[in-house]
Structures are given as C-alpha cells and as structure tokens.
Amino acid sequence: MNTVDRRRRLGPSNAIPLSFPSVESNSDIENTSVSSFNEQKLFIQLSNIPTATGSSFLQLGNNLLLASVYGPRPSFKRTFNSKAVLKITFHSSPFLSSRQTESTFNNNNNNNNNNHLNSDIDPEYQIVNSVILSTLETACSNLILLDQYPKSSIDIFVNLINTDKSTKFIELLSLIHTAVNLALIDSGISVKNFPSSIVSSSSSSSSSSSSSSSQIFINSIHSDIYDNDDEKDLQNEELLTFYIPKSTNNNTNIKSTLKDSIDDAIKQSRALRSELSQFCYNKL
Amino acid sequence: MSQNIENVQLKGVIFSPSELALVAPDITLTKYIKAGYRPSLRRFNEFKPMIISTAGISRYDISLLNDGKKINELTTVIGSSSIKCGGTSTICTISAGLVEDNFEAVNDYRMRLDADIIVNNDDKNEENEEIDNILGGNLINKNGCVYPVIEIAKGTTGPPGDEEIGLGEKLYETILHSGLINREELKVDVGLKSIDENGNEIILRGDDVGVIKKKFSFVIYARIQVFGKTGPLFDQCYASLVKALSDTKLPEVYLNERESNLRTKSGKRNANINIQSYDLVCDSVKYRKLKLRKDRICWSSTFGIVDLSSLNKEDNEGDIDIITETEEDIEQSILLTDLEGEAENNLSKRISVLSNGEGFFTSITIEKGNGSRITTDIIKQALELSQVRAKDMIPKF
C-alpha cells in the first residue's frame, strides 16, 4: 500500500502538482505552425555523450530529444542467444504534463465543475508510449544486423526533454525515429542501410474533408536492389516500420490512397536521407 | 615436475599507455604526476572550464520559432539549466508543487526521522533551543529546500544507483543548510479568482479573501540528468541546480471561487483532509522570480589528494620497480583540482568546499580516506583555491 520511494527525497507526498489553465488558443497560429513542421530547421549534434557508443541530440522548434545507444555489450544470460538482444527505453520528462490527463479549466462554463479531465483531447496530439516503443522496436530489429552480435545486448535510450503543444504526436514520432536512426549511425553498429523517417501528409487523399489531411509516418531504408529509373526505384524501398493514425473520417478509399501516400512519403524520405547522409559524411 | 617449474620463465608484458590506463589506472596516475602533469594534461591546480547556460526549456522561455505563443503550455518546468564540462553534460529542470504549510513537516517526519525535519514548537525548552541555535536554528522554518532527483545515464535501466541517491541527498542537505532559499520566498500568496459586477475577471488577495484560511507553500522539485560521466559529479550538479534555481519563476496561484466553498471532512478520524478538493490553479502567464539569497550562492570545488611516497627515486628502466615504503621516504601530498578520469575518481582522500568567493564557506567536507594524514597546508591550499574559483565562476550564474 505504501509506495513511498524511500531511496530518494521526492518531497512531501501530499503536494499538489501545478496545474495551469490553458490559454485560449488561437487556432490560426496552430495551423500555421503545423504546416511548417517539415520546413523548420533541424539541429543535430552527434556523439555528445562520450560514455555511450553512439548518441544524437535533436532540436526542432521546442522539441528536444536525446537518443543514445549503448552496446553491443556482452550479455551473461544462461541461454545462448544467436542474435543480439535489443532493449529500447523511452523516457519523457516527468514535468511534461501528460496530454492524456491534462486538466482544463474553463471559467465561462460554471456548470461543468469538478471535471478536470478533459476527455476530448485531440487524439492527434496525445503521446502514446506504446506506439513509440512498438514502432521503435520493429524499426530497430529490422534495421540492425542483430545476427552479427551473438551473446550480446544493445540498449537504446530515448530521452524526450521538451516538446510543445503544437507538435502532433506523429511528428514527434518521426523525430524520435530520426534521433534513434542517427544515434545508431553514430554508434557504428552494423545496420542494413542508411535509414530515414518522415511524416508525409498527403493532401490529395481527402480533399473533400477540409482540414484533416491524413498523415502517414514511415521509417525506411533503401533495399539492395537499385533501379536507374526514379519512379521504378520507389519500389525498392524497404519499410522498417510505419504508423497511420486512426483517422476520424471514414476513409472508404483508403487502399487506393495508401499506395500513393506511401510513394509520396518515400520520395520525401529519400530527400531527407540524402541530406542526413551528407551531414553524417561530413562529420567523418 | 620440479624441472618443469624451473623452466617457467616470467615474461615481461608491455602495455601501451592507453592499455595501462585501463589495467592499472593508479600506476598511470603516479607516472603522470611524477612527470608533473595529470592524465588529462592539466596542471595540478588547474580547473576544468565549465560552460553554464540556461537551457531555455521552461514554460516561460519564449521560443523564437513558435512566434504565436508566449509560453510553452505543455510543460510545468519553471526553470532550467544546462552545463557542459569536458565530456559531461548536465540538464537540470525545475518544477514545483503546492503543499499546505502545516502538512509538510508531518509528512516528512513520517518519511524520514531526520533531526532537521522534526518541528515541535509546543514543548520547546531552553536546552533544545540552544541545540537549535548551534545547528543553525530551526532550519525547516527558515530555509527552503529543493527535492532533487539525479539521473546518470549509464545505459542501464533499473532502480537508482548508490551514486544517484547519494548525490541527491547531498544536494538536498546542501541547499537546505546553506539557506540559499528563504522559506518565506516559497510562501504562496493565494488569490481568489472571481468575476466582478461588470463581468470582468478579478483576482482578490490578502484581506479581501476571507475564505482562505490555510496557507500554502511551493515545493520545488529538480531533475538533474547527467550524460557522460568523467569524474565526481557533485560540483557540476550543484552548479546546474543553482543556475536552474536562479532561472526559476514561480507562477501566481489563485483559488477558484466556485470551489472554494467546498468543504472537506475534518475531525480526528479523518485527519487526512483531501486538499485536492481545493481547486488551486496557477496563472498561466503571470509569475514572479524566485529570489535566492545572493550571499549564499556558492561554488562547489572538490579536490583530491594524491600521496607520492617516493618522488626522489629514479625509475630503473626495464626493471620492475617495487616501491617499498619505509619511514625515511619523503611523503608528499599533492592537491588535484576538478578530478577527472577513473584514476583520479578513485582517490579516497578528498576535500569538498562550497565557497561564496568572499571569504565565507557554507560547507567544507574532508574525507580522510586511506594513506597519510591530511595536513593543514593542504586544507589551506584547498580553501584558497576554492575561493579563487568561486570568485571566478559565481558571476556566471
């Protein structure tokens, strides 16, 4: 019953966390910042943690991320592992008020008292740790040549230091993947190919249903097969993982648009990849 | 059988300097020090450069990119700092909570039977008061504290390690006892948010608010993340905490009127009043700066002491030199500043000084360790050096 952490001083247990009412948001501003997400400048720093095998620090607007890779380290488990064991941990700062349980405070609505939990938080902005972990695990186990490291373990840590309200979850997801990708590249652990992750919003898919354009997140590498024709070469992309948020509007023609949007995403992903690989090359 | 043993020859193993540093860091250290340098190629009394800055990730830090909004609504971080020193970087974020004044002491008492924390005003006799004065008065009533949580990135998951716990404890004690924060400064001036006749929002304070009888204080939490550890971390953690605290802005707090009339269960059976039912809300924009006592802002310097027992001896090249310690050997102790690397980190004799650069110290810790006694000269030297360093570094906060 008593779950007080006695190892550290965590302060009085009856303290109330600070709760800030949300400022009346100007929807126009949010929209403009969202649309410019992919155009914002990305700051990257590699190898900033000397004790880690590889690490990367990313800043995009208010989003600050730190990814670090430790290993391959010998793992002294009794069972023999022919492949490296991959362990991924995602930490977000405890002071980031979780978007799930964000309390709202509405002065104008006096009848609605005692109800702090806002149930109708935009799902687009809600940070879902399970999605982050599952996509990261899929991507990394597809990307890293785990067979080359038997009897060892590779640990990947992602630290979300800061984010803000105008960053959608899917955009944050792609940043997290970019950070992990770069940390892996920095670590020198054998990977299949240079990965890149991107969020692509395909406006063509739902032109009728106003503002909510469907977004798709992919993390992909180029496969071993190359084609001289750019259009044909799109097929040679190997998806490590992808994520499509649950859309509110019922897309009947999702199958037909999916291929288009993935093709679109691959194009953008390749553009980003060429820049990132250039960046890493210059660092050598 | 005996012949076999005779045939066994001892082969000399030659290590490259980097290998030797891994295998026997203490030997490397002695070799370096005999040559007049340290493994990091600094001089004995040379400090490491440290870059101190605010991290700019608190709620009130205006981001240039997000031009539409003045504050970052998502975070409750109210102060931040980032420090880089050699290969070690530290990020410190400060957040806060609210606690009812009379409750805090009780709860801490339950958590830890610590002498500082037990506050008992009722049966205070003269004897106790005397002891109190020696210990610096009733600390919990005068000095504010911070609850720090240290996280050192080691690439492992699991419960906090000894070092993390120890550092957190030491930081807590240091802030509390140095009196960096005045407890009065943490008191909350709770306002009452209401709507006047014209329908405009007003905030009542002080005597206008009859409903609020309870007093509240801020509780300050700190989270210090350390990446890439190269030496003792206390100096750096303390610096980052002080920097973040000097950046900290406390929000204005008010009580929502419609809920201020909600009653809580009281009485002996129900001693734990659920104060959550008070709707304490922070103003999303307004804040005041947390004022620190300027004269208590210190700089922490940790020194290590190395004993060299045989400085006069010449190494015979090629032979394994067995150093025999006799009483005739001239012992010499050398003070090292800003320890770095494994060998220096293993030094057991340490002096840790918190100085404000103006001749005052808030804390001096001397760890006896193994080896020869620590002389007064060494302590004097340490105190002087820490003064110089503090004078140099404190303006950077």
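Of the 397 residues in chain B, buried residues make up 35% in this predicted model. The secondary structure of chain B comes to 12 helices and 14 strands. If you look at contacts in chain B with a separation of 6 or more, 74% of them join residues 24 or more positions apart.

Chain B is divided into two domains, and you can follow the division along the sequence: domain 1 covers 2–35 + 298–396, and domain 2 covers 51–293. Where these domains touch, 15 residues of domain 1 of chain B are in contact with 11 residues of domain 2 of chain B. On the domain 1 side, the elements that each give two or more residues are strand S11 (299–308), helix H11 (341–345), strand S13 (350–355) and strand S14 (361–367) of chain B. What classes of residue make up that side of domain 1 of chain B? There are eight polar, four charged and three nonpolar residues on the side that touches domain 2 of chain B.

A good residue to pick out in chain B is Cys282(B), which sits in strand S10 (residues 280–289). Is Cys282(B) buried or exposed? Cys282(B) has 24 other C-beta atoms within 10 Å, and 20 or more count as buried, so Cys282(B) is buried. Setting aside neighbours within four places in sequence, the contacts of Cys282(B) reach into both chains: Leu18(A), Ser19(A) and Phe20(A) on one hand, and Pro251(B), Glu252(B) and Val253(B) on the other. Now try Ser300(B): Ser300(B) is 18 residues from Cys282(B) in sequence, yet their C-alpha atoms are 34 Å apart in space.

Let us turn to chain A. Chain A has five helices and nine strands, and along the sequence they follow the pattern β-α-β-β-β-β-α-β-α-β-β-α-β-α. Buried residues make up 38% of the 284 residues in chain A. Among contacts in chain A with a separation of 6 or more, residues 24 or more positions apart account for 72%.

With both chains in view, look for the largest nonpolar core. This core holds 129 residues, and those that touch the most other members are Leu65(A), Ala179(A), Val180(A), Ala222(B) and Leu241(B). Helix H3 (residues 169–187) of chain A gives the most to this core, with 12 residues. Domain 1 and domain 2 of chain B both give residues to the core, so the core lies between them. As a general point, nonpolar side chains tend to be buried together in soluble globular proteins. For a closer view, take Ala179(A): not counting residues up to four places away in sequence, Ala179(A) touches Ser56(A), Leu58(A), Leu65(A), Ala67(A) and Val158(A).

Helix H3 of chain A also has a helix partner. Helix H2 (residues 129–143) of chain A packs with H3(A) at an angle of about 35°, and the two axes are 11 Å apart. H2(A) passes H3(A) in a right-handed crossing. On H2(A), the contact is made by Val131(A), Ile132(A), Thr135(A), Leu136(A), Ala139(A), Cys140(A) and Leu143(A), while H3(A) brings Leu173(A), Ile176(A), His177(A), Val180(A) and Leu184(A). By class, that gives 10 nonpolar, two polar and no charged residues.

Finally, a few backbone details in chain A are worth a visit. A cis peptide bond joins Gly71(A) and Pro72(A), with omega about 0°, and Pro72(A) lies in strand S4 (residues 63–74) of chain A. Ser47(A) has a positive phi, near 50°, although Ser47(A) is not a glycine. You will find Ser47(A) in the loop between strand S2 (42–46) and strand S3 (54–60) of chain A. Lys151(A), also not a glycine, has a positive phi of about 55°, and Lys151(A) is in the loop between H2 and strand S6 (152–162) of chain A.

How exposed are these loop residues? Ser47(A) has 16 other C-beta atoms within 10 Å and is therefore partly exposed. Lys151(A) is partly exposed, with 16 other C-beta atoms within 10 Å. Lys246(A), in the loop between strand S9 (237–243) and helix H5 (254–283) of chain A, has 6 C-beta neighbours inside 10 Å and so counts as exposed. The C-alpha atoms of Lys246(A) and Ser214(A) are separated by 9.3 Å, although the two residues are 32 residues apart along the chain.

How values were computed:
Residues are numbered from 1 along each chain as its sequence is written. Chains are lettered from A and ligands numbered from 1 in the order in which they are written. This is a predicted model: local features need pLDDT of at least 70, side-chain atom pairs count only at pLDDT 80 or more; totals for chains, interfaces and linings use all residues. Helices (H or I, at least four residues) and strands (E, at least two) are DSSP runs, numbered from the N terminus. A residue is buried if 20 or more other C-beta atoms lie within 10 Å of its own, exposed if 12 or fewer, and partly exposed in between; C-beta atoms are placed from the backbone. Two residues are in contact if their C-beta atoms, placed from the backbone, lie within 7 Å. Domain bounds come from an automatic or database domain assignment. Ala, Val, Leu, Ile, Met, Phe, Trp, Tyr, Cys and Pro count as nonpolar, Asp, Glu, Lys and Arg as charged, and the others, Gly among them, as polar. A nonpolar core is a set of buried Ala, Val, Leu, Ile, Met, Phe, Trp, Tyr and Cys residues joined through C-beta atoms within 7 Å. Axes are lines fitted to C-alpha atoms, for helices over the stretch in contact, and angles run from 0 to 180 degrees between N-to-C directions. A crossing is left-handed if the near helix is turned anticlockwise from the far one by less than a right angle, and right-handed if clockwise.
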